[in-house]
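Please open the model in your viewer and show it as a cartoon. The stops below indicate what to select next and what is found there.

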Amino acid sequence: MNSLPFVTEPLRVTDLDEVMVIEREAFSAPWSANLYRHEITRNDLGHYLALRLNADGENAGLLLGYGGFWLLVDEAHISTIAVRSGWRGHGLGEWLLLALLQEAATRGAREATLEVRVSNQVAQSLYRKLGFQVVGHRKRYYSDNGEDALIMTLPGLREPRVRAALEAEREALVTRLQDLAVRLVAGKGDVPDHAQVRGEHV
């Protein structure tokens, strides 16, 4: 992890201007800055992480993405994941999700759950790769277009088998992110979009 030019740390109120830029890019029904401020400062159940560029140059400290979950007893409900436009399709969304799952397990979660649009095949593929299973269906869940949502759950979050599988995925992802790091050093940081992987607000 230390060889990568990215750092994952708690999301801060001072990040909100950048959060809103990404939020409006990523979601047709974006959350407001005030809602995020409440989530960061007042919601004891909410836990949010920032992924930022940890490299020299004019983009040093740039917020690349963020994600969060609500810890409800022993269940981590993933509330959002978003990656800045121009940085998608390189594994940063997966890196954020793995970081959220690790944080959730550390805080005592035994399972993770989320909702995803039925049309978002790219996100569903990622979630399945990490072990999430479809356990339910919510009709007309999304207010912007009335689209249905799938409920996906990852059980056994603290079991050695699941933790080992997630760690193996993290190690495999390092190679992919190291390639992105090489491009950053070469001055090609804001690379073109590939297939977008975006979380879905609940």
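Select β3 (63-72). Of the ten residues of this strand, eight are buried, leaving β3 mostly covered. The model shown is a predicted one.

Next, add helix α1, residues 16-26. This helix packs on the sheet, where it touches both β3 and β4 (75-83). The direction of helix α1 makes about 85° with that of β3.

Keep β3 and β4 in view. These two strands are antiparallel and pair over eight bridges. Within that pairing, Gly67 stands opposite Ile81 in β4. Move then to the hairpin of β3 and β4, which has two residues between the strands. Which residue there takes a positive phi? It is Val73, with a phi near 60°.

Turn to the other partner, β2 (residues 46-53). β2 and β3 run antiparallel and are joined by seven bridges. Select Ala50 to find Tyr66 of β3 opposite.

From β2, continue to β1 (6-10). The pairing of β1 with β2 is antiparallel and comprises five bridges. Here Phe6 faces Leu53, which lies in β2.

Finally, display the whole sheet. It is open, has seven strands and follows the order β1-β2-β3-β4-β5-β7-β6, with mixed pairing. Which strands form its edges? They are β1 and β6 (133-138), each of which pairs on one side only. Viewed from strand to strand, the twist averages 25°.

Notes. Residues are numbered from 1 along each chain as its sequence is written. This is a predicted model: local features need pLDDT of at least 70, side-chain atom pairs count only at pLDDT 80 or more; totals for chains, interfaces and linings use all residues. Side-chain values use heavy atoms; hydrogens and water are left out. Two strands pair if DSSP finds at least two bridges between them. Helices (H or I, at least four residues) and strands (E, at least two) are DSSP runs, numbered from the N terminus. Axes are lines fitted to C-alpha atoms, for helices over the stretch in contact, and angles run from 0 to 180 degrees between N-to-C directions. Contact means heavy atoms within 4.5 Å. Buried means under 20% relative accessible area, exposed over 50%, partly exposed in between (1.4 Å probe, protein chains only).
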